[in-house]
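Student: I would like a close look at a single helix of this model and at what surrounds it. Please take it slowly and give the cut-offs behind each term.

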Amino acid sequence: MTTASDRPLPRVRPGPPPGAPPPELPPQEVAAWQARGGELIELLTRAAELGPLAAFTLGPRRTVLVTGPEQVQHVLAQHPEGYVKQSHRAGLLLGEGVITAGGEPWKQQRRLLQGQFTSVGLRRWEQRIAEAAARTERRWAECARTGEPTDVGADMQFFALDAIWRTLTGDPLDDATHRELDAMNEVAVHLSALTATAPADQEAVTAALARIDSVCARAIAGARERLAGGDETGGGLLRVFLEAARTMPRYTDRLIRDELVNLLVAGHETTAKTLSWLFLRLERHPDVRERVLDVCRNGSPEQRREVVTALINETMRLHPAIWLIPRHAAADDTIGGFRIEAGSHVLSSPYLTHRDPELWPEPEVFDPWRFIEPGRRPGRLGAFYPFGLGARACLGQQFTYREMLCVLELLLPSYDLDFQELPHSTFFGVVLHPVGPLRATVRSL
C-alpha cells in the first residue's frame, strides 16, 4: 500500500543517438528505494521523469518503462508479437482462459468471444445489465428511506458481479453464490504471498479455488441442462462455450471453467473500482457534480450520455483500474531510437501516461469536459488507454461502458452520497483501488 503524490511528471527528451540504451535510473537510487521498502509506483514515477522510455535494473532482470504515447503504441498495438505476455501467478485462478492464453489458443478463444461484445452482440445482454442496475437502485432507495449507511464500494462490486453473472448464466446473483464467488478476491489477496510458498497461504488458496470450481461446475451443468432441454431464450453466454465444445474438442469443462472465471474477473472488478473512484471524485468535486446533475436532469438523452461518458473517461484517466501492463521483449528491438534488448521486462503504465502534462494540461485537475470540448483531448494514439491497446486490449470495453452508463443514469440524478470518511491512499495492486471501506449515507434528491 502506498500514498501516491499526484505531482506532474516533468519530461526531459533529448534525441537519442541511434541504438542508444534508454536513460537509466542510477543503480544506487534503485538500491536506496529497495532499502527503505519503497512501493513500485514510487520507482516508476521517478523513472517516468527521465522521458517516454526509461530503464532500471531490479534483481536479475532489466526493466524498461514505456509511457510516451508513440512508444506505448509501438509495444502494445504495432508489435504485439515482439512484446508478449508471460505466464503469471494469476494463472492459478484464471487457468488457460482468454486473459492468460497465448498464441493460437488465444486467437481461437478471442474469435469465439469477439462477436458477443460488439455493439450488436451486446443487445442480447442489455436487459440483464439493466436488471442488475435496477436492483442496485432499489437498494439505494431503501438506504435513503431508512438512513442506513451503505458501503459504496461493496455495492458497486455486487452490481458489476450481478451484471456479468446474469450475462453468463441468465440468472440473477443470489447471496449464496455471491459469498462463494468472493473466493476470487481471497485468491487475489494470497497470490502475491505464494512466492514464499507459505503453507497457510497455499492451503487458503486451495480451499478458495475449490469453492470457485464448485460454483463454476454448477453453472456449467445448469447451462448444459438448459441447452439440452431446447431452451432458446434462457441461459447466457455459457451456452456459446457449450455449443463450441460440440465441434472444438479443446473446449473441455476445464477450459469452459477457465473462460467463465476470466469473464467474471474481467467483467466486474475493474468496473466496480472505476465506479467507486467516480463517486469519490464527485464527493471531492461538488462543482463537477452539480454540472453533471444539471445535464442529467435537463439535457437531451444524447447530452446525458455524452456527459456521463466523459465523467467515466476522466475517472479512468486519473484512476485506470489496470494501471500497469507488463510485457516481455521476445527479441531485440528499437523504440524511438532506443535499443531494447531481448529478455527485457517492458512495462506500460496508463496511470503515468494519463498524468503527463505534455499530453493532459493540468493533469491532476478532475475535469470531465476535457473529453467533450473540442481540442482538449490529446489526439495522439496511446495518450489514453485505460483498456490497453491493440489486439490484446480488453475484450469487454463496450460491455464495461454499457454497465457503467446504465447504473449511473439511474443513480446520479436520484441520489447524493455523504461519505463518512474519505480514503487518503491508493493500493497499487493488480487493480488500482482506494484503501478502506467507502461508508456513506444515501440521500434522495
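Tutor: What follows starts with one helix, turns to the strands that cover it, and ends with a few separate sites.

This is a predicted model, in which local features need pLDDT of at least 70 and side-chain atom pairs count only at pLDDT 80 or more, while totals for chains, interfaces and linings use all residues. Residues are numbered from 1 along each chain as its sequence is written, and side-chain values use heavy atoms, with hydrogens and water left out.

Helices (H or I, at least four residues) and strands (E, at least two) are DSSP runs, numbered from the N terminus. Helix H7, residues 126-146, has 21 residues and reaches 31 Å from its first C-alpha to its last, close to the 30 Å expected at 1.5 Å a residue; the expected span is 1.5 Å times one less than the number of residues. Its buried residues are Arg-128, Ile-129, Ala-132, Ala-133, Thr-136, Trp-140 and Cys-143, where buried means under 20% relative accessible area, exposed over 50%, and partly exposed in between (1.4 Å probe, protein chains only). Seen down the axis of H7, these buried residues fall within an arc of 140°, so they line one face of the helix; the arc is that of the directions from the helix axis to the C-beta atoms. An α-helix has 3.6 residues a turn, so residues three or four places apart point the same way. On the face of H7 turned away from the buried side lie the exposed residues Gln-127, Arg-138 and Arg-145. After H7 comes Gly-147, whose phi is positive, near 80°.

The cover over the buried residues of H7 includes strands S4, S9 and S12 together with helix H8 (152-169), helix H13 (253-284) and helix H17 (397-411); contact here means heavy atoms within 4.5 Å. Those 3 strands form an open sheet in the order S4-S12-S9, with antiparallel pairing. S4 (150-151) and S9 (415-419) are the edge strands, each pairing on one side only. Two strands pair if DSSP finds at least two bridges between them, and 5 bridges join S9 to S12 (residues 439-444). Within S12, Val-442 is the residue that stands opposite Leu-417.

Cys-143, one of the buried residues of H7, counts as buried because its relative accessibility is 3%. A disulfide is a pair of cysteine sulfur atoms within 2.5 Å, and by this rule the count comes to 0. Cys-143 is accordingly in no disulfide, the nearest cysteine sulfur being that of Cys-406, 19 Å away. For Cys-394, also in no disulfide, the nearest cysteine sulfur is that of Cys-406, at 18 Å; with 29% relative accessibility, Cys-394 counts as partly exposed.

H13, part of the cover over H7, spans residues 253-284, and a further site to consider is His-319, in the loop between helix H15 (301-318) and strand S5 (325-329). His-319 counts as buried because its relative accessibility is 7%. Leaving aside residues up to four places away in sequence, His-319 touches Trp-277, Arg-281 and Leu-432. The side chains of His-319 and Arg-281 are joined by a polar contact of 3.0 Å, that is, a pair of N or O atoms within 3.5 Å, of which, within protein, one must be able to donate a hydrogen and the other to accept it, residues adjacent in sequence counting only if both atoms are side-chain atoms.
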